[in-house]
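Trainee: Could you take me through one part of this model up close? I would like to start with a spot in the backbone and then see what surrounds it.

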Number of protein chains: 2
Amino acid sequence: MSDISFAEALATWAADSPAPNSKIAEQRAIDAFTDVIACMLAGSQNEVTLKVLDATIRTHGKGEQTVFGHEVKLPMAGAALVNGMSAHALDFDDNFMPGLTHATAVLAPALIAVGEANNCSGGQLIDAYVIGLELQARISSLVNPEHYQSGWHATSTVGTIGAAGAVAALLRLPAAQICAAMSIAFSLAAGSKLQFGSQTKPLHAGLAAHNAVLAAQLAVTGVGAQPDFLTGRWSFQDLYAPNLARPPEVAVENLGTQWAIEEFGLLAKRFPCCAASHKALDALEILRNEHGATLANLKHVVAKLPAPLYQNLRFDNPVTENEARFSFSYPATTVIREGLVSLRHFKPDAVSDPEIRAALPIFTRECIETDEKGVHADVIVTAEFQSGKSVEIKITDVRGGPNLPLSHSDMERKIADCLSWSGTEDQKPIFEKLPSLREIEDINTL
Amino acid sequence: MSDISFAEALATWAADSPAPNSKIAEQRAIDAFTDVIACMLAGSQNEVTLKVLDATIRTHGKGEQTVFGHEVKLPMAGAALVNGMSAHALDFDDNFMPGLTHATAVLAPALIAVGEANNCSGGQLIDAYVIGLELQARISSLVNPEHYQSGWHATSTVGTIGAAGAVAALLRLPAAQICAAMSIAFSLAAGSKLQFGSQTKPLHAGLAAHNAVLAAQLAVTGVGAQPDFLTGRWSFQDLYAPNLARPPEVAVENLGTQWAIEEFGLLAKRFPCCAASHKALDALEILRNEHGATLANLKHVVAKLPAPLYQNLRFDNPVTENEARFSFSYPATTVIREGLVSLRHFKPDAVSDPEIRAALPIFTRECIETDEKGVHADVIVTAEFQSGKSVEIKITDVRGGPNLPLSHSDMERKIADCLSWSGTEDQKPIFEKLPSLREIEDINTL
């Protein structure tokens, strides 16, 4: 480690890396592609996706790469942009806690666009995806949680850099060029959590995928960039988490023997809204199903949330569907009334439903002090019924997370919901091929 | 100001703004386009530009917009990327001190690409350019000098946001969409000064122009973004200059009556290297011409530089031509030996010239404490001759800056050098039309 930078060490590992070669890593990668393709199809007809598609045709023209849910094909970077937009449009795609990123919504669109253009196999896609996750986790370890908590949207900062490395690895570039791809991506790593609640928040995943593709292709042609960009003066760590005294060695500890996809996995969502609400919503489901809670018999419900979750859910009285996705009170009302939060709940008429709006004040949130677990801390929901009865529910593991993964039928229901929502039922056959993704020789045949 | 954010106030001004309607603003805008087009042509055949062109064809495909110095045409965002890359490839393009940006290398490629696609007139281009400069100055006032000094490359942070606003103004978007364009551009505003000395530094101008075009076109289609993104929690000011207690009102003070292009103007370069060296190089020219300095009769020369200039010139013993551009000692040797620094001095064989390398240790730099003038502070050069004679030269105004603008013949010589360097002499006719840019009805006829 003495003569090369931490970024070069990561790039060298990515260039030479063997796959983790475990059933659990393989299955989680395939599940992640399955989940994100369902989300891309679901989001493909969303208002903001159609706008972004229109803008991308203006700025990038048409090309040869697939745009999920659309006939039109776009050039490589444009396809990554629109597919990333689709993937995150409904906030239904997965979370990757070691990165504090929506990892797959950035990685998959970038890898698919470049993989198609280069006739890559399904196995190459899986391997590059696992490398990309690991890079996101390692880069995140240098800056988080300060980075995320100070306002940066890690999906489009950490996510862009990690995905650029993954694309470069997919292209079998040598280590120096994988490092250059990530260093160039550092010059495209932006995005604030201030955009949560606006259409630009989901756009971040598309921009990150786009920028990862662009950075990697610039590295392909040999554009040079500083190889020591992760740590030290003016580096990613210095500019994006200046107050975090994190020893840079964490970026390479146990590299190659310990894999984030095995240790942490991903969190597939049951509900199409900010993951910060999901543990609390799991508690509300219990409150409804096991304690008979209804909007009528509840007096007051408080979700006690660790700071990062509390801050993300800043819209207590959401007006638009995008604000509703970053609310606790809004999805809480629908879980109590209907037992779930569904895609249909993020339409203007659903958000303005008088019964729901009247019930919003029942549900409030409190910020609790947490130990070093941060976003991983337990969430506690306390409910007071009109009858005077009170209930407290503590949630440690979120449903959809690695300890409570979505069941096969959960995922089938999610896929069906996504296809039905967007009118893309004709895309169903792709989901029959995905379990054998490793065996697909050219992903253009997907 | 009470009900709208500072970003909305800037956007409202940009939507309604009358041109400053002054001869000096008009002339400076035309000079800036002239200078940058010469630089784009000069940089068009540079190694890194050819790489970026190749990568852009892969990621964006071909299209309809002009790429200076090349036959191939690219889609709007791709043309902005490659032209921005060309403009800054040789570090010969202008500086805009109120922004701490290479303003024109970002604004002109973005405005030309979008202006061509929309058949804009030369007058529209000039007016949008002046608005873009003002936006860069205003946005910069919220974060600089802390932002720049902490390591951010303002050209690709402030530059991207200001250029997105300028493109949106060129397209005559309403204020809300101009604001959205800038807010989306905030999600693309990145780039560290760590890249100085690598090929990614000049690439920043191309990426900024590309991202400004993309952000503005996303706003055209109605993509929403938070309108209060410049100040407050998680804002541009908060994330990019967290320790600067700058009152946000500076962003709108005297807006519409005081124009940065009139008050400060631009700094056109005489030498194709980092502007941080230029005052010192002016002093060396005096040392050579008025005091008879040669590499043989000089014992020791010290350039006393304010901190930001000192830090930018970090390569005392440059190995590559990109490092040589961010050096004081290297261009100092060529000014003393040949009376100038020219494009030909940034080739590998020039950087490895034995006489030059032997003379590098003569020239050292010192960091001096400065008052609030920062980058504008005087530069002092002290020289000790072998004879024992010593000379001190203080430079307040740099040649090429607003107080000592390039003469007509200076500019003619620069254009001829640029065209000759890149073998693009056939492009000379454009420079005969540029003085009448205001009268050109469709810039496609340029």
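**A closer look at the loops**

Mentor: Happy to! In this predicted model, Pro145(B) sits in the loop that runs between helix H6 (122-143) and helix H7 (146-149) of chain B. The peptide bond that joins Asn144(B) to Pro145(B) is cis, with omega at about 10 degrees. Now turn to chain A, where Pro145(A) is likewise placed in the loop between helix H6 (122-143) and helix H7 (146-149). There, too, a cis peptide bond links Asn144(A) and Pro145(A), and omega is about 10 degrees.

While you have the backbone in view, look at another loop of chain A, the one between helix H4 (76-89) and helix H5 (103-117), which holds Asp91(A). Asp91(A) is not a glycine, yet its phi is positive, near 50 degrees. Is Asp91(A) buried or exposed? With a relative accessible area of 2%, Asp91(A) falls under the 20% cut-off and therefore counts as buried.

In chain B, the loop between helix H4 (76-89) and helix H5 (103-117) contains Leu100(B). Leu100(B) has a positive phi as well, about 55 degrees, although it is not a glycine. Its relative accessible area is 15%, so Leu100(B) is also buried by the 20% cut-off.

Helix H6 (122-143), which you met beside the proline loop, leads us on to the core. The largest nonpolar core has 346 residues, and Tyr129(A), Leu284(A) and Leu287(A) are among those with the most contacts inside it, together with Tyr129(B), Leu284(B) and Leu287(B). Which residues does Tyr129(A) touch, leaving aside its neighbours within four places in sequence? Its contacts include Ala29(A), Ala32(A) and Phe33(A), then Asp94(A), Thr104(A), Leu107(A) and Leu111(A), and also Ile261(A) and Leu266(A).

Stepping back to the whole of chain A, you will find 20 helices and four strands. Of its 446 residues, 65% are buried. Among contacts between residues at least 6 apart in sequence, 78% join residues at least 24 apart. The radius of gyration is 21 Å, which agrees with a compact globule, because a globule of 446 residues would have a value near 22 Å. Along the principal axes, the C-alpha atoms of chain A fill a box of roughly 70 × 50 × 40 Å.

To finish with the outside, the accessible surface of chain A is about 14900 Å², and carbon and sulfur atoms account for 49% of that. Chain A carries 34 positive and 50 negative charges, and the mean positions of the two sets are 5 Å apart.

Technical notes
Residues are numbered from 1 along each chain as its sequence is written. Chains are lettered from A and ligands numbered from 1 in the order in which they are written. This is a predicted model: local features need pLDDT of at least 70, side-chain atom pairs count only at pLDDT 80 or more; totals for chains, interfaces and linings use all residues. Side-chain values use heavy atoms; hydrogens and water are left out. Helices (H or I, at least four residues) and strands (E, at least two) are DSSP runs, numbered from the N terminus. The radius of gyration is taken over C-alpha atoms; the globule rule is 2.2 Å times the number of residues to the power 0.38. Buried means under 20% relative accessible area, exposed over 50%, partly exposed in between (1.4 Å probe, protein chains only). Contact means heavy atoms within 4.5 Å. Accessible areas come from the Shrake-Rupley method with a 1.4 Å probe; for residues, only the protein chains shown count as cover. Lys and Arg count as positive and Asp and Glu as negative; His and the chain ends are not counted. The place of a charge is taken as NZ of Lys, CZ of Arg, CG of Asp or CD of Glu. A nonpolar core is a set of buried Ala, Val, Leu, Ile, Met, Phe, Trp, Tyr and Cys residues joined through side-chain atoms within 4.5 Å.
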